[in-house]
Amino acid sequence: MKRRVISSVLCLSLALTAVSCGKVEQEDSRRQETEYSTEENEGDADDEPNQPIDNGYWHDEDTTETQQIEGSVEFIFPEGAGSIYELYTIVLNYLNNGFHFEDVANVHDPILTFTFFAKSEYGFADGLSLEESYERMTRLVSIAEEQGVPLDEDNELDMDLIDIDAFGSDIAELEDPEEFIERLYGVSNSLSQAGEHNPYSTDQTYWEEIPEDLLVVNANEYIGDSVYEIYIGSYDTSNEHMEMYINCFEYNGRYYVLGFSTAVSGVGG
């Protein structure tokens, strides 16, 4: 007997816990200018801060515009992969070369993952595009980082010590803002963790590359539209056979990693 176990993306370990590699940086004071860019160091914004900056939407031309948002922070919308197979090879390189987060930084971001699910589960930033919602979520993560992680005597998050009002109107329409903020702190925590991390917590450190014409990709009906699972291989433990999948989603023709999932069959069926 086989059962599918979907990795909990809202915990946002996603087996990719690491620093945000430049996507969100905590500073002594909040930035008052928001930078939109699909490429690092695009334009001359540092030299001439009043010049327009790329707005971060997918487009064929290098158009720019200036937008000031009070209380916003610097963010860069992840580039994404141009195809499912490209995404697969990027993740395979991450798995086979020591689990360095920078290897997947263009296709995975904990903030983007939480934003993706928050829009469907909480109605977060309803009516806004994913890029606009990601910007708003980036701002909320920055607020959480500024407040720090208030822990109780059991070293657990103490919601009574969090200034919910500091998050402003961005969460005002949510049905359960406290639950949302509690999960948001999971994002902030994942961004603060650095180093190499084996997503499976096993000795499996190498996966054979599957040719594109043999790659098995299925729509993931458990999560929603435009979400796919990519079979990457299997391995055996002492009492289980594990089949591993990459969960990803498509947005505007680009593909992004959500996390990993497993199909498990135990000894005896």
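Colleague: Why is asparagine 252 called partly exposed?

Modeller: Its relative accessible area is 45%, and the class applies between the two cut-offs, buried being under 20% relative accessible area and exposed over 50% (1.4 Å probe, protein chains only); with 45%, asparagine 252 is therefore partly exposed. This is a predicted model in which local features need pLDDT of at least 70 and side-chain atom pairs count only at pLDDT 80 or more, while totals for chains, interfaces and linings use all residues. Residues are numbered from 1 along each chain as its sequence is written, and side-chain values use heavy atoms, with hydrogens and water left out.

Colleague: Where is asparagine 252 found, and what is notable about its phi?

Modeller: Asparagine 252 lies in the loop between strand 4 (240–251) and strand 5 (254–266), where helices (H or I, at least four residues) and strands (E, at least two) are DSSP runs numbered from the N terminus. Its phi is positive, about 55°, although asparagine 252 is not a glycine. Most residues other than glycine have a negative phi.

Colleague: What makes asparagine 155 count as exposed?

Modeller: Asparagine 155 has 58% relative accessibility and therefore counts as exposed. Asparagine 155 sits in the loop between helix 3 and helix 4, and its phi is near 65°, again a positive value in a residue other than glycine.

Colleague: How do you know that helix 2 is roughly perpendicular to helix 3?

Modeller: Helix 2 (residues 110–121) and helix 3 (residues 130–147) pack at an angle of about 115°, with their axes 9 Å apart; axes are lines fitted to C-alpha atoms, for helices over the stretch in contact, and angles run from 0 to 180 degrees between N-to-C directions. Angles under 35 degrees count as roughly parallel, over 145 as roughly antiparallel, 65 to 115 as roughly perpendicular and the rest as oblique, so helix 2 is roughly perpendicular to helix 3. On the helix 2 side the contact (heavy atoms within 4.5 Å) includes Ile111, Phe114 and Ala118, and on the helix 3 side Tyr134, Met137 and Val141 are among the residues.

Colleague: Why are helix 2 and helix 4 described as roughly antiparallel?

Modeller: Helix 2 and helix 4 (residues 177–191) pack at an angle of about 165°, with axes 10 Å apart, and the two helices are therefore roughly antiparallel to each other. Pro110, Ile111, Phe114, Ala118 and Glu121 of helix 2 make this contact with Phe180, Arg183, Leu184, Val187, Ser190 and Leu191 of helix 4.

Colleague: What makes helix 2 largely enclosed by the rest of the structure?

Modeller: Of the 12 residues of helix 2, 9 are buried, and helix 2 is therefore largely enclosed. Those buried residues are Pro110, Ile111, Leu112, Thr113, Phe114, Thr115, Phe116, Phe117 and Ala118. In helix 4, the buried residues include Phe180, Leu184, Val187 and Leu191, and helix 2 and helix 3 are among the elements that cover the buried residues of helix 4.

Colleague: How do you know that the length of helix 4 agrees with what is expected?

Modeller: The expected span of a helix is 1.5 Å times one less than its number of residues; the 15 residues of helix 4 should thus span 21 Å, and its end C-alpha atoms are 21 Å apart, which agrees.

Colleague: Which residues does isoleucine 164 touch?

Modeller: Not counting residues up to four places away in sequence, isoleucine 164 touches Met159, Ile171, Glu178 and Ile181, from its place in the loop between helix 3 and helix 4.
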